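I keep this notebook to record what I looked up in one structure, entry by entry. The sequence and model come before the entries.

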Amino acid sequence: MENIHIKHEVKRYSCAVLAAVIFAVNIKTFVRAGGLYPGGFNGLTLLIQGIFEKYAGMEIPYTVINVILNAIPIFIGLKFVGKKFTLSSCCVIILSSILTDIIPSAPITYDTLLISVFGGLVNGLGVSLCLIGNTSSGGTDIVGIFFSERSGRDIWNYILAGNACILIVAGVIFGWDKALYSIIFQFTSTQVVQMLHQKYKKHTLFIITHKPDEVYQEISHLTNHSATQIAGIGCYTGEPTSMLYSVVSREEAKFLVKKVTEIDPTAFVNIIKTDFINGRFYHKTDY
């Protein structure tokens with residue numbers, strides 16, 4: 001058990017370090033070259049930097065602004081979300097900030113459309129690595145988790161509204177073309193995250209089997225989910241059979257199908273994508 005815990009933490013911090021490097025490199029190669037403003041606290045940091053540089057002639061280090069902005073989310077995370085999750089998020093915040101300040105600018109292209117698309121792809125890869133490692137880039141991620149679990153409501157629309165405010169301010173001060181290209185950047189990043197991160201996608205399983213008890217034990221053991229057993233009759237054979245109904249994550253479904261086939265080679269499994277569920281459902285958390 002201890003070895004599993006160590007491996008999990010190694011995976012968490014490996015993803016955190018790699019994501020931090022990706023975020024920093026992306027800012028110095030794509031984001032700043034295109035004058036874009038990503039969502040969340042990274043975009044807010046760049047916006048504040050730009051405002052101070054334009055109106056006060058001051059170049060404030062990225063690290064200073066980003067760490068100050070993340071102070072409250074980090075406090076919330078440590079107190080209410082989870083120490084492991086928050087400490088690894090701190091690793092991403094601090095390391096990405098320091099690297100952003102020390103890595104020299106190396107623009108690959110100055111075509112703003114290409115920057116928006118490929119910068120969004122790279123940013124989405126970084127965010128996906130954080131999610132895979134069960135960590136985050138800090139800021140709105142921590143705040144979103146806290147308020148969602150505290151209130152039981154989805155507040156990501158409010159975070160989206162906050163990002164819109166950042167873009168509006170950036171558009172007024174630095175030009176609407178930068179704000180509009182930033183929307184392309186954020187959209188591309190979101191699509192990459194949705195494609196790579198499958199943890200929270202649900203699948204409904206309909207398993208017709210002659211060994212329902214053994215199959216259910218495997219479902220319970222592998223996923224910690226329950227199931228509903230429905231007695232039936234095979235129309236072709238006329239023999240009694242059972243159908244197990246259960247909702248699991250997409251990742252869990254892959255393992256279950258393999259296990260079900262091993263238990264009952266004659267089992268018939270139907271998998272349906274599930275968009276919404278209401279009621280008691282086990283959510284695996286490791287904050």
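Entry 1, cysteines. I searched the whole structure for disulfides and found zero. The model is a predicted one. A disulfide is a covalent bond between the sulfur atoms of two cysteines. I then checked Cys 130, which is in no disulfide. The nearest cysteine sulfur to that of Cys 130 belongs to Cys 15, and it is 8.0 Å away. A disulfide needs the two sulfur atoms within 2.5 Å.

Entry 2, accessibility of two cysteines. Is Cys 130 buried or exposed? I noted a relative accessible area of 2% for Cys 130, so it counts as buried, the cut-off being under 20%. I looked up Cys 235 next and wrote down 84% relative accessibility. Cys 235 counts as exposed because that value is over 50%.

Entry 3, the record. I read the UniProt entry, which is unreviewed, for the feature "transmembrane region". The record places it at residues 12-31, 60-78, 85-106, 112-134 and 155-173. I took two of these spans and looked at them in the model. Residues 60-78 are 84% helix and 0% strand, and their end C-alpha atoms lie 27 Å apart. For residues 85-106 I noted 82% helix, 0% strand and 32 Å between the end C-alpha atoms.

Entry 4, strands. Which strands pair with β3? I found that β3 covers residues 240-249 and runs antiparallel to β2, residues 228-233, with six bridges joining them. Strand β1, residues 202-209, also pairs with β3 in the antiparallel sense, over eight bridges.

Entry 5, residues across from β3. I followed the pairing from β2 and saw Thr 228 opposite Tyr 245, and Ile 233 opposite Pro 240. From β1, I found Phe 206 opposite Tyr 245.

Entry 6, the hairpin. How many residues lie between the strands in the hairpin of β2 and β3? I noted six, and in this hairpin Gly 238 takes a positive phi near 75°.

Entry 7, burial of β3. I looked up the 10 residues of β3 and found seven of them buried. The strand β3 is therefore largely enclosed by the rest of the structure.

Terms used
Residues are numbered from 1 along each chain as its sequence is written. This is a predicted model: local features need pLDDT of at least 70, side-chain atom pairs count only at pLDDT 80 or more; totals for chains, interfaces and linings use all residues. Side-chain values use heavy atoms; hydrogens and water are left out. Two strands pair if DSSP finds at least two bridges between them. Helices (H or I, at least four residues) and strands (E, at least two) are DSSP runs, numbered from the N terminus. Buried means under 20% relative accessible area, exposed over 50%, partly exposed in between (1.4 Å probe, protein chains only). UniProt positions are given in the numbering used here, feature names are shortened, and annotations may be inferred rather than shown by experiment.
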